[in-house]
Amino acid sequence: MLHLENVGMRYGMGREVLSDVTLTLAPGEFRFLTGPSGAGKTSLLKLLYLAERPSRGLMSMFGRDLALTPRQELPALRRRIGVVFQEFRLLDHLSAYENVALPLRIAGRKPAEYREDVEELLSWVGLGDRMQARPPTLSGGEKQRVAIARAVVAKPDLLLADEPTGSIDPDMGERLLRLFVELNRLGTTVLIATHDRHLVESLGVREWRLSGGSLHEVPQKGRS
Amino acid sequence: MAARAPLLPDEHEGEWSLTGVIAVMCFLACLTLGIALAVSRASAVWSEGLSGTGTILVPADGLVSPEDGARAVADAVRRLPGIAEVRIVSRAESDDMLRPWLGNVSLDGLPLPVLVAVSFEGSARPANAEMEAIVAAASPGALWDDHGVWREDLQRLSAMLSAISLGVLVLIALAAVATIVFATRAGLESHREIVEVLHHIGARNQFIAHEFERRFLLLGLKAGALGLLLAVGVLLLFANTDMLASGGEFYLPRLSLAASDWPWLVAVPLATSLIATVTARLTVMRVIGRMP
Ligand SMILES: Nc1ncnc2c1ncn2[C@@H]1O[C@H](COP(=O)(O)OP(=O)(O)OP(=O)(O)O)[C@@H](O)[C@H]1O
Ligand SMILES: [Mg+2]
C-alpha cells in the first residue's frame, strides 16, 4: 500500500524536518502517528497525500514508485486518498453539503447519484440540520466533522487524518473513531496523527512515534 | 437542491474593473476595424470611379485656339470604341474650379488650358498609349491624363491605413492577453486556498482550469458585447454625420458600414472571449503545473 525508505524532507532550503523515515503501511492496516508538537507529523502526512515531495529517499504508493510516476497520473492517485487536514481547509463559499460532496464532484459523479449518501453521512456526524450552513458559520467542532465527512465520503483506499478529534468532545470523538474503524473494516487503510492518548489507547492498534524528525515503532502494551 | 455552486466564489469588485478594461479594448478594436473596413471600401469605390474617367488637357500655347483644339480632340475621341461621354469643360466651369485657389479676381484674358472630360464604359476602352497618340495627333500639345497618379496615391494611402489598423489590432490583442494573464494570476492568488485544496484532493489540472476558463469566457463575452455596442454606436454616428461642411463628397467618399462589415465586427467580441479563455487556461495550467 505504502512504503517509505530512508525518506528525508525539508521545506525549501531549511533544515530537514524528517530524516531517514522508513515505514511500511500494509493494506487494511490501522495506525496512529504520535509525537510532540513540531515533530513533523503534518509534514509526513503531506508527503503521503502528495502535497510535498521527499528531498531524498524512496517512496512508493499503491504499488507505484512515485519518482517514476508522471505528474499527470498523480491526481488519480490523490483521489484514492482521503485527507482530514489539520486546519480543515473547507471552502468557505460552499455549504457543508457542497464541501462534503466535493471529492465526488471532482471524480465526475452526478449529484443525483451521491446526494443521499452525502446527506446520510452528514446526519451521521451530527450535522443533519447544518447541511446548508457555510463553514464560517460553523463551530470548530462542526467544521472538523465536515472535514472528516469530506475525507471519507468517497470511500478512499487510504485515509490520512491529521488531529481529527482536536476540536471535538470525547463522545463525538468516539463516534468519529467508530466511523474510521468501520471504514477500515470495509478495506480502507487508516493512518491517524494525534496527540490524544485516550484515542490511541482506546483502540489498541499499532503506533508510530515521531520525534526530532525520525520515526520509531512504539512497542505495544498488553501483548505477549 | 439547486444547481451546484460554482467552485470559485463570485467576485464583484475586481470583476467590474476587468470587464471595463476588456470592454474598452474591444471597443478600440471594433472601432479600428470598422474604420479600416469603411476606408478600404470607400477607396475602392473612389478608385473605380477614377479608373472609368480621364481628362484631356489642351494647352493655350498652341497655334490654334485651345477651344478649337478641344473640339478637334473631342471629335477624334468620340469615334473610339468604349467611350461613354466626352464633354468639353466650359470656360465658366473651369473658372469656378480655379476660383477657390485664385480668389475673386477676373480670369478673363488669362490663357487657360481647356479640359475635356472623358468617361468610359465596358471593357473595350482604348489603351493609354493609344489615347495619348490620338489626342496629340488631333491637337498638338494636348495631353491625356488617365488619373493613374491619383489612383496610385489613393491605393497607397489605403494600403497604409490598412497596415496601421492591422498593427493596432495586434497591439490591442497583445494588451488584452497581458491584461488577462495578470487578472488570472491575481484570481489564482486570491483563490489560492481553493485551488490548493482542489489540487490536494485530486482534481485534475484541467478541471481547475475549467473553472477559470468558464469565468473568463463569460467575462470576455460580456465585455466584448459592451465594447462592440459602443463602437457600433460611434461608427453609426460617424456615418450619419456630414463632417464635411462643404458637403464635399466630391473630394472624400462617405465613411459608412456595409452589411458585409458586420460579421467582422461581431468576430471581435468572439475573438476577445476566445483570447480570454485560452489565456486563462494556459496561465492556470502553468501555475498549477508548478505545484508539487
Ligand atoms: N510550510 C513550512 N515551511 C517551513 N517550515 C515548516 C512548514 N511547515 C512546517 N514547518 C516546520 O516543520 C516542522 C514540523 O512541522 P509539522 O507541522 O510537521 O509538525 P507537527 O508534528 O504536525 O506539529 P503539530 O502537532 O503542532 O501539528 C516544524 O519545525 C515546523 O516549523
Ligand atoms: Mg501538525
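This report walks through the surroundings of ligand 1, the magnesium site beside helix α1 of chain A, and the domains of chain B. Please keep in mind that the model is predicted.

**Around ligand 1**

Let us begin with the shell around ligand 1, which counts 13 residues; those that come nearest are Arg15(A), Ser37(A), Lys41(A), Thr42(A) and Ser43(A). Sorted by class, this shell holds 7 polar, 4 nonpolar and 2 charged residues. Which element gives the most to the shell? That is helix α1 of chain A, spanning residues 41–48, with 3 residues.

Oxygen atoms of ligand 1 take part in the polar contacts listed here.

| Partner of a ligand 1 oxygen | Part of the residue | Distance |
|---|---|---|
| Gly38(A) | polar backbone atom | 2.8 Å |
| Lys41(A) | side-chain N or O atom | 2.7 Å |
| Ser43(A) | side-chain N or O atom | 2.6 Å |

As for cover, ligand 1 taken alone exposes 630 Å², and the protein buries 63% of that area.

**The magnesium ion**

Ligand 2 is a magnesium ion, and its protein donors are OG1 of Thr42(A) and OE1 of Gln86(A), at 1.8 to 2.2 Å from the ion. Thr42(A) belongs to helix α1 of chain A, while Gln86(A) sits in the loop between β6 (81–84) and α3 (96–106) of chain A, so the two donors tie together parts that lie 44 residues apart in sequence.

Are these donors buried, exposed or partly exposed? Thr42(A) has a relative accessibility of 23%, so it counts as partly exposed. Gln86(A), at 36%, therefore also counts as partly exposed. For both, the relevant range runs from 20% to 50% relative accessible area.

**Helix α1 of chain A**

Helix α1 is worth a look of its own. It is mostly covered, with 6 of its 8 residues buried. Those buried residues are Lys41(A), Ser43(A), Leu44(A), Leu45(A), Leu47(A) and Leu48(A). Two of these names are familiar from the table: the side chain of Lys41(A) has an N or O atom 2.7 Å from an oxygen of ligand 1, and the side chain of Ser43(A) has one at 2.6 Å. Just past the helix, Leu50(A) adopts a positive phi of about 65°.

**Domains of chain B**

Finally, a word on chain B. Its domain assignment gives domain 1, made of 12–48 + 150–289, and domain 2, covering 60–141. How far apart are the centres of the two domains of chain B? Taken over C-alpha atoms, 51 Å separate them.

Key:
Residues are numbered from 1 along each chain as its sequence is written. Chains are lettered from A and ligands numbered from 1 in the order in which they are written. This is a predicted model: local features need pLDDT of at least 70, side-chain atom pairs count only at pLDDT 80 or more; totals for chains, interfaces and linings use all residues. Side-chain values use heavy atoms; hydrogens and water are left out. A residue is near a molecule or strand if one of its heavy atoms lies within 4 Å of it. A polar contact is a pair of N or O atoms within 3.5 Å; within protein, one must be able to donate a hydrogen and the other to accept it, and residues adjacent in sequence count only if both atoms are side-chain atoms. Accessible areas come from the Shrake-Rupley method with a 1.4 Å probe; for residues, only the protein chains shown count as cover. Helices (H or I, at least four residues) and strands (E, at least two) are DSSP runs, numbered from the N terminus. Ala, Val, Leu, Ile, Met, Phe, Trp, Tyr, Cys and Pro count as nonpolar, Asp, Glu, Lys and Arg as charged, and the others, Gly among them, as polar. Donors are N, O and S atoms within 2.8 Å of the metal (3.2 Å for Na, K and Ca); water is not among the atoms, so sites may look incomplete. Buried means under 20% relative accessible area, exposed over 50%, partly exposed in between (1.4 Å probe, protein chains only). Domain bounds come from an automatic or database domain assignment.
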